[in-house]
Amino acid sequence: MLKSLEHLIQSHDIILFDAECVLCSAWADFMIKHDQHCQFKLVSVQSNIGQQLLTYCHLPTDHFETMVLLENGQCYTESTAFLRIMQRLDSPYRGLKYARLVPQTIRDFAYRRIALNRYRLFGQTEQCYRVTPETQQHFLLDEVLT
């Protein structure tokens with residue numbers, strides 16, 4: 001059965017990531033390894049569904065400067081998205097929730113420095129992140145969307 005965008009947003013907590021970025025792809029690998037209960041679904045911003053979700057969040061669809069978390073239909077970006085994700089993982093990562101005590105302007109400044117320089121610092125791939133049969137349960141794929 002095909003699902004609508006609204007249904008997906010209400011049914012899943014979704015992480016949008018840049019699948020052409022080496023650092024972001026490593027982030028996806030980290031989530032696959034540490035989100036053992038599949039609390040989150042990963043979506044490439046370059047995919048059809050990723051583009052629609054960016055539009056839903058009123059974010060640009062042609063350049064990607066932040067990871068996005070859609071949680072309970074609400075969009076979170078930058079350090080807030082990162083910390084909300086980490087607090088839902090098992091220890092020791094859950095302890096990063098205390099980083100929220102650092103003012104958001106400082107957290108986001110640090111996040112932006114890395115995000116804006118990620119291709120230069122970590123590289124860019126020639127192709128998008130590859131979903132395998134072993135990792136497929138961690139992703140929302142385009143074919144589920146009408």
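Across the whole structure, a search of this predicted model turns up four aromatic pairs. A pair of aromatic rings is described by the distance of the centres and the angle of the planes. For W27 and F82, the centres are 5.6 Å apart and the planes make an angle of 45 degrees, so the pair counts as tilted rather than stacked (under 30 degrees) or edge-to-face (over 60). Because W27 belongs to helix α2 (residues 22-34) and F82 to helix α4 (residues 78-86), their pairing ties together parts that are 55 residues apart in sequence. W27 is buried, with a relative accessible area of 14%, whereas F82 is partly exposed at 26%. Together with F30 and Y93, W27 and F82 make up one aromatic cluster.

Rings also meet charges in this model. The charged end of R84 is placed over the ring of Y76, at 4.2 Å from the ring centre. Likewise, the charged end of R113 sits over the ring of F109, 4.7 Å from its centre.

Turning to the strands, it helps to recall a general pattern: in a regular strand the side chains alternate between the two faces of the sheet. Strand β3 (residues 68-71) has V68 and L70 pointing one way and L69 and E71 pointing the other, and all are buried. On pairing, β3 is joined to strand β1 (residues 13-17) in the antiparallel sense by three bridges, with L16 standing opposite V68. Strand β4 (residues 74-77) also runs antiparallel to β3, through four bridges, and Q74 in β4 is the bridge partner of E71. A hairpin links β3 and β4 with two residues between them, and N72 in the turn has a positive phi of about 55 degrees.

How values were computed. Residues are numbered from 1 along each chain as its sequence is written. This is a predicted model: local features need pLDDT of at least 70, side-chain atom pairs count only at pLDDT 80 or more; totals for chains, interfaces and linings use all residues. Side-chain values use heavy atoms; hydrogens and water are left out. Buried means under 20% relative accessible area, exposed over 50%, partly exposed in between (1.4 Å probe, protein chains only). Two strands pair if DSSP finds at least two bridges between them. Rings of Phe, Tyr and Trp (its six-membered ring) pair if their centres lie within 6.5 Å; planes under 30 degrees apart count as stacked, over 60 as edge-to-face and the rest as tilted. A charge sits over a ring if NZ of Lys or CZ of Arg is within 6 Å of the ring centre and within 35 degrees of the ring normal.
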